[in-house]
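Reader: I'd like a close look at the inside of this protein, and then a quick glance at its surface. Could you walk me through it?

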Amino acid sequence: HDRRSVHLACLAADGQLAYKLMKDLFSNYSSALRPVQDTEDIINVTLQITLSQIIDMDERNQILTSYLWVRQVWVDAYLSWDQAEYDGLDTIRIPSSYVWRPDIVLYNNADDQFSSSLETNVVIRHDGQVTWDQPSITKSSCRVDVSFFPFDSQQCHLTFGSWTHNGNQMDLFNTLDSADLTDFVENVEWEVLGMPAKKSMILYGCCSDPYPDITYTLHLKRRASFYIFNLLIPCMLISFLAPLSFYLPAESGEKVSLGVTVLLALTVFQLLVAESMPPSENVPLIGKYYIATMTMITMSTAVTIFVMNIHHCGPEARPVPTWVRRLVLHYLARICFVYEKGERCMGIQPEKAETPPTAKEGGVIGDMGWGQGQRTGEWRKVAKVMDSFFMWLFFIMVFLLSLLIIGKAI
């Protein structure tokens with residue numbers, strides 16, 4: 001019981017000393033003026049930024065929203081005291097509005113309200129050093145280059161400086177060569193590679209005096225896994241369906257429908273990407289991939305229509321030219337492994353020459369009818385070989401395009 005009484009008495013004494021110190025320090029103090037003994041003196045402000053969290057990166061509006069801890073340290077010439085006169089009282093904590101504060105702002109602020117900072121206390125030390133720790137949610141403008149989306153890296157600049165005091169009145173110094181990232185909360189979309197700091201002295205057109213500022217450059221790298229599994233892989237799988245339209249039998253009537261369906265599916269993915277990207281001249285890498293794939297599918301659909309016309313050549317069509325027979329039925333057929341029914345897979349047996357039916361074999365079909373039927377069959381063989389050739393050709397093109405986009409990811 002006696003110990004508790006002594007402790008309470010000490011606390012009461014400390015409270016009275018702090019109240020007396022407050023009364024002595026601020027009896028003739030003004031927070032509106034720079035706290036220097038001589039107007040020619042320069043106040044040195046030390047700035048330290050701690051990046052706590054990346055809240056949002058709005059690529060379309062090019063705005064970075066981040067949660068920062070801003071520490072400012074300076075010496076106030078009018079806020080020092082002798083510790084012996086106040087029973088060894090070393091520091092006091094008071095509302096920041098009581099003291100003069102540097103008007104340091106974020107130059108590239110993109111917030112409508114321009115300030116999302118909390119009014120926190122300052123810590124005043126007996127030698128006049130004032131430490132002001134202030135948490136702040138900032139919205140800063142950031143030039144976003146989406147040329148290599150979703151495998152892109154971004155650099156966002158946060159420039160801090162005094163709004164009214166030039167370098168002859170207030171100077172800025174950074175505590176560290178970079179922002180403090182020890183308490184950073186990992187972001188699901190962006191990986192922070194670093195946040196170096198650089199001090200500059202800028203001459204503006206309005207004024208002849210230099211203005212110091214400190215620029216923190218936030219290096220970000222996008223985590224592409226989400227986009228790979230939700231945009232790229234579905235697109236690749238859909239793209240490999242397009243060449244299969246050449247494999248469909250012409251009698252199915254679905255060859256052109258498959259190509260058009262694949263084209264519409266890719267258009268939906270293209271719109272999803274376009275909605276999240278800023279309307280700039282730089283086309284994202286994934287957008288280029290979609291356009292190239294859609295172009296190939298359009299070409300394959302056009303070629304399918306051309307081959308179907310060949311397939312449906314009627315009896316009135318002219319005979320297959322000799323060079324087409326040699327190029328398509330002889331060479332391309334072997335390259336694409338297209339064989340007649342009953343042929344061995346390892347080699348092509350010589351075709352038996354078909355002879356027109358004689359009167360003994362029925363006498364119903366004349367030589368003219370037999371020639372027209374053979375002509376139709378040859379054109380269908382040509383269409384079958386061309387289908388196989390273009391199927392392999394477009395398969396290779398889609399495969400190479402997919403390898404190209406994967407190579408960019410690596």
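Author: Here is a tour of the core, followed by one spot on the outside.

Keep in mind that this is a predicted model, where local features need pLDDT of at least 70, side-chain atom pairs count only at pLDDT 80 or more, and totals for chains, interfaces and linings use all residues. Residues are numbered from 1 along each chain as its sequence is written, and side-chain values use heavy atoms, with hydrogens and water left out.

Of the 410 residues in the chain, 40% are buried (under 20% relative accessible area, with exposed meaning over 50% and partly exposed in between; 1.4 Å probe, protein chains only). The largest nonpolar core takes in 73 residues; such a core is a set of buried Ala, Val, Leu, Ile, Met, Phe, Trp, Tyr and Cys residues joined through side-chain atoms within 4.5 Å. Ile124, Phe160, Tyr216 and Leu218 have the most contacts inside it. Take Phe160: leaving aside residues up to four places away in sequence, Phe160 touches Leu47, Ile49, Leu68, Ile104, Val105, Leu106, Leu172, Asp213, Ile214 and Tyr216 (contact means heavy atoms within 4.5 Å). There's also a second, separate core of 20 residues, with Val307, Cys336, Trp379 and Phe394 among them.

Across the chain, 77% of the contacts with a separation of 6 or more link residues 24 or more positions apart.

Now for the outside. Leu400 sits in helix α6, residues 367-409 (helices are DSSP runs of H or I, at least four residues, numbered from the N terminus). Leu400 counts as exposed because its relative accessibility is 52%.

Terms used: Helices (H or I, at least four residues) and strands (E, at least two) are DSSP runs, numbered from the N terminus.
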